[in-house]
Amino acid sequence: AWFIMDGSRRVAQARRMDGQPWPEIGDKKAWTLRGSQAVWPAGVEESAPFATVAVCEGSPDLLAAHHFIWTENRAHDCAAVAIFGGANIHEEALRFFADKRVRIFRHLDAAGDAAMNRWAKQIADAGAVVDAFNFGGLRQADGTPVEDLNDCARIHADDFLTHRCLWNLLP
């Protein structure tokens with residue numbers, strides 16, 4: 001298994017290396033460990049010194065966000081934050097978004113739309129400038145649609161070249 005836990009130690013989540021669900025918890029892919037606050041955004045405290053924040057849903061997208069931050073040479077001004085399971089953002093965490101530029105990388109489905117709308121309102125009300133990235137129309141190398149930031153790391157070469165302007169993914 002692999003785990004995500006930030007410096008706050010308020011949230012920790014495990015996933016199986018083979019991508020399969022955990023039968024011990026009702027066949028869910030992500031196991032939020034006992035004692036975790038699933039509504040606490042992983043990495044939000046670490047984002048404090050950064051002017052820009054990439055917000056995504058789930059641990060695979062968090063890893064992809066770090067990948068894009070690194071490949072776009074944005075480690076000096078951009079942090080990655082993940083919210084697990086589309087939950088509302090913990091009230092105490094919202095202060096970390098104040099006066100920042102935030103881009104939400106939502107999942108391309110109805111649940112992702114709903115989560116993005118809730119997060120955008122919460123984050124904007126906390127004093128940030130917020131927008132969202134839309135993966136609509138992009139394909140992975142195998143031809144399947146890009147539905148989240150993790151899928152985007154496997155973008156089809158033709159889509160990468162055609163949509164070259166998108167590769168400033170980060171705000």
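**Getting to know helix 1 and its surroundings**

Q: Which residue with a positive phi follows helix 1?
A: Helices (H or I, at least four residues) and strands (E, at least two) are DSSP runs, numbered from the N terminus. Just after helix 1 comes a residue with a phi near 55 degrees. That residue is asparagine 73.

Q: What kind of model is this, and how are its residues numbered?
A: Side-chain values use heavy atoms, without hydrogens and water, and this is a predicted model, where local features need pLDDT of at least 70, side-chain atom pairs count only at pLDDT 80 or more, and totals for chains, interfaces and linings use all residues. Residues are numbered along each chain as its sequence is written, from 1.

Q: How far does helix 1 reach from its first C-alpha to its last?
A: Helix 1 spans residues 59-71, which makes 13 residues. The expected span is 1.5 Å times one less than the number of residues, here 18 Å. The model comes close to that, with a reach of 19 Å.

Q: How many disulfides are there?
A: A disulfide is a covalent bond between the sulfur atoms of two cysteines. Here, a pair counts if its cysteine sulfur atoms are within 2.5 Å. The sulfur of cysteine 78 is too far for a bond, because the closest cysteine sulfur, in cysteine 56, is 10 Å away. By this rule, the count is zero.

Q: Is proline 145 buried, exposed or partly exposed?
A: Proline 145 sits in the loop between strand 7 (129-133) and helix 3. Buried means under 20% relative accessible area, exposed over 50%, and partly exposed in between (1.4 Å probe, protein chains only). Its relative accessibility is 47%, so proline 145 counts as partly exposed.
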